[in-house]
Structure formats: structure tokens, C-alpha cells
Amino acid sequence: MGVATGDVDGDLRPDVVGVGGGEVGVWRCFDANGPQCFQIYAANATGGALTDIDDDADLDLVLAAAAGVELRLNDSHGQFDAPFPLGV
């Protein structure tokens, strides 16, 4: 189980990524009422981190999975692409 925070959708507000139970949850679009956008991605991951892997000024998701490390690139709007295994 892991939690990471960072602005994944470019609205200058922190978003939350939670990893655990075979899923990755992304809570974003926060306002006074809490998160207004939520996505769940299937992932056999035990932890994750947010970092800009592809140098495009948005945060990508790096996951520690049972089969190794996998990368999910951000589309600059807080949506993450299909997993790309890094083979590590």
C-alpha cells in the first residue's frame, strides 16, 4: 500500500494517487467539496511514485509490481496510459 501526492492534471492543486489491493486510485480536480474526478486502474502493484519520466512537464506514475517496475505516462490531463513494463 502506498500513497503519493502531486499535481497530475495541471490545475496547480495537489492530487492523490493510492496504490494497493490490485488497483491504483487517482483522486484529482479538488475543490472545496473534495475530489471531483476519480479513476481506478488495475495494477498488481505494491507501491508507486510520481515523477516526470518523459520530461514533458507532467507527473508520470512509476509502479513497483510483482513482475517488476512498470511505467504509466500521464497524458497531461491526469489520465495515465496503459502500463509499460520496464523489466527491472
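1. Salt bridge. In this predicted model, the count of salt bridges comes to one. The pair is D9 with R28, whose closest N and O atoms are 3.5 Å apart. D9 lies in the loop between β1 (2-6) and β2 (15-20), while R28 belongs to strand β3 (residues 23-31), so the bridge ties together parts of the chain that are 19 residues apart in sequence.

2. Burial of the two partners. Are D9 and R28 buried or exposed? D9 has a relative accessibility of 13% and counts as buried, because the cut-off for that class is under 20%. R28, at 9% relative accessibility, counts as buried too, so the salt bridge joins two residues that are each classed as buried.

3. Surroundings of R28. When residues up to four places away in sequence are not counted, R28 touches V8, D9, D15, P35, Q36, C37, Q39, H77, G78 and Q79. The salt-bridge partner D9 is therefore one of several residues within the 4.5 Å contact limit of R28. As a long-range reference, R28 and F84 are 56 residues apart in sequence, and their C-alpha atoms are 23 Å apart in space.

4. The link from R28 to Q39. Which side chain makes a polar contact with that of R28? The side chain of Q39 does so, at 3.3 Å, and R28 thus takes part both in this polar contact and in the salt bridge with D9. Q39 has its place in strand β4 (residues 34-42), whereas R28 is found in strand β3, which means that the side-chain contact runs between these two strands.

5. Burial and contacts of Q39. Q39 is buried, with a relative accessible area of 15%. Leaving aside neighbours within four places in sequence, Q39 is in contact with V24, G25, V26, R28, G78 and Q79. G78 and Q79 appear among the contacts of Q39, and they are also listed among the residues that R28 touches.

6. Pairing of β3 and β4. How many bridges support the pairing of β3 and β4? The two strands pair in the antiparallel sense over eight bridges, and they form a hairpin with two residues between them. Within this pairing, G25 stands opposite I40 in β4. In general terms, strands of a sheet pair through backbone hydrogen bonds, either parallel or antiparallel.

7. Nonpolar surface patch. W27, F38 and I40 make a nonpolar surface patch of about 280 Å². W27 lies in strand β3 and, at 30% relative accessibility, counts as partly exposed. R28, which follows in the same account of strand β3, is by contrast buried, with a relative accessible area of 9%. I40, a member of the patch, is the residue that G25 faces across the strand pairing.

8. The open sheet. A separate point concerns the open sheet of four strands, which has the order β5-β6-β7-β8 with antiparallel pairing. Which strands lie at the edges of this sheet? They are β5 (45-51) and β8 (84-85), each of which pairs on one side only. Strand β7 (residues 68-72) pairs with β8 in the antiparallel sense over two bridges, and here E70 stands opposite P85 in β8.

Terms used
Residues numbered from 1 in each chain as written. Predicted model: local features only at pLDDT ≥ 70, side-chain atom pairs only at ≥ 80, totals over all residues. Heavy atoms only, no water. Salt bridge = Lys/Arg side-chain N within 4 Å of Asp/Glu carboxyl O. Buried < 20%, exposed > 50% of the residue type's maximum accessible area, 1.4 Å probe, protein only. Polar contact = N/O pair within 3.5 Å; in protein donor to acceptor, adjacent residues only side chain to side chain. Pairing = 2+ DSSP bridges. Patch = residues over 30% accessible without salt bridge, like charges linked within 9 Å, V, L, I, M, F, W, Y side chains within 5 Å. Areas by Shrake-Rupley, 256 points an atom, 1.4 Å probe, with all protein chains shown as cover.
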